[in-house]
Amino acid sequence: MPSNAPDQIRDILESVRTIALVGASEKTNRPSHEVMEYLQRQGYRVIPVNPRLSGQQVLGETVYADLASLPEPVDMAELFLAPQRTDAVIDQAIEQKIPVLWLQIGVINESGAARAEAAGLKVVMDRCPKQEIPKLGIRPIVEQA
């Protein structure tokens, strides 16, 4: 069962530092772009993942084709994908042993979430960190240090 309880979400958002944002967009009006920019302002390192933009820059970060291509480990994979496109990415997150899998609002994949949890990943589903951070009163990372 996904970790959607407020205390579990708080623990995740206060421990995560590096996030792979799968489905990142260069378009400033897209929710994935807005959330990436917000998370960066909160002090998170956000690495964009999108095969169409691989090698380009989004918000000062190099875009990678997939989770397996990331140059460093990440604490969380956040998915901005249509639910039917998430299975392969969830399997990559499991294979890469990414500790947290976050499925954005409207991105619901119960069987994928169950697979990830069975592999030991924490899963948040149908939530947005841009909404959860202020709702839970989580301070920017730089202020937590």
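This is a short dialogue on reading the sheet and the nonpolar cores of a predicted model.

Biologist: Where do I start with the sheet? In which order do its strands lie?

Modeller: Read a sheet by strand order and pairing sense. Here 5 strands form an open sheet, ordered E2-E1-E5-E6-E7. The pairing is parallel.

Biologist: Which strands are the edges?

Modeller: Look for strands that pair on one side only. Those are strand E2 (45–49) and strand E7 (122–125). As for twist, neighbouring strands are turned by 20 degrees against each other on average, direction ignored.

Biologist: How many bridges join E5 to E6?

Modeller: Strand E5 covers residues 76–79 and runs parallel to E6, with 4 bridges between them. To find the register, take Met 76, which stands opposite Val 100 in E6.

Biologist: What packs on the sheet?

Modeller: H1 does, and it touches E5, E6 and E7. The direction of H1 makes about 115 degrees with that of E6.

Biologist: Let us move to the next pair. In which sense do E6 and E7 pair?

Modeller: In the parallel sense, over 4 bridges. Val 100 serves as a marker again: it stands opposite Lys 122 in E7.

Biologist: Through which helix does the chain cross from E6 to E7, and with what hand?

Modeller: Follow the chain out of one strand and into the other. From E6 it passes through helix H4 (residues 110–118) to E7. This β-α-β crossover is right-handed.

Biologist: Now the interior. Which residues touch the most other members of the largest nonpolar core?

Modeller: Leu 39 and Tyr 44, in a core of 26 residues. Next, ask which elements supply the core. Those giving two or more residues are helix H1 (6–15), strand E1 (18–22), helix H2 (31–41), strand E6 (100–103) and helix H5 (129–136). H2 gives the most, with 4 residues.

Biologist: What is Leu 39 in contact with, beyond its neighbours within four places in sequence?

Modeller: Ile 19, Tyr 44, Val 46, Glu 78, Pro 129 and Ile 133. Apart from this core lies another, of 22 residues. Its members include Leu 79, Ile 98, Leu 101 and Leu 103.

Biologist: Which residues does UniProt list for a domain?

Modeller: Check the record, and note its status. An unreviewed UniProt entry lists residues 13–107 as "domain: CoA-binding". In the model, the chain over that range is 24% helix and 23% strand. The end C-alpha atoms of the range are 19 Å apart.

How values were computed. Residues numbered from 1 in each chain as written. Predicted model: local features only at pLDDT ≥ 70, side-chain atom pairs only at ≥ 80, totals over all residues. Heavy atoms only, no water. Core = buried A, V, L, I, M, F, W, Y, C linked by side-chain atoms within 4.5 Å. Buried < 20%, exposed > 50% of the residue type's maximum accessible area, 1.4 Å probe, protein only. Contact = heavy atoms within 4.5 Å. UniProt positions renumbered as here; feature names shortened; annotations may be inferred. Pairing = 2+ DSSP bridges. Axes fitted to C-alpha atoms, helices over the stretch in contact; angles between N-to-C directions. Right-handed = clockwise from strand over helix to strand, strands pointing away.
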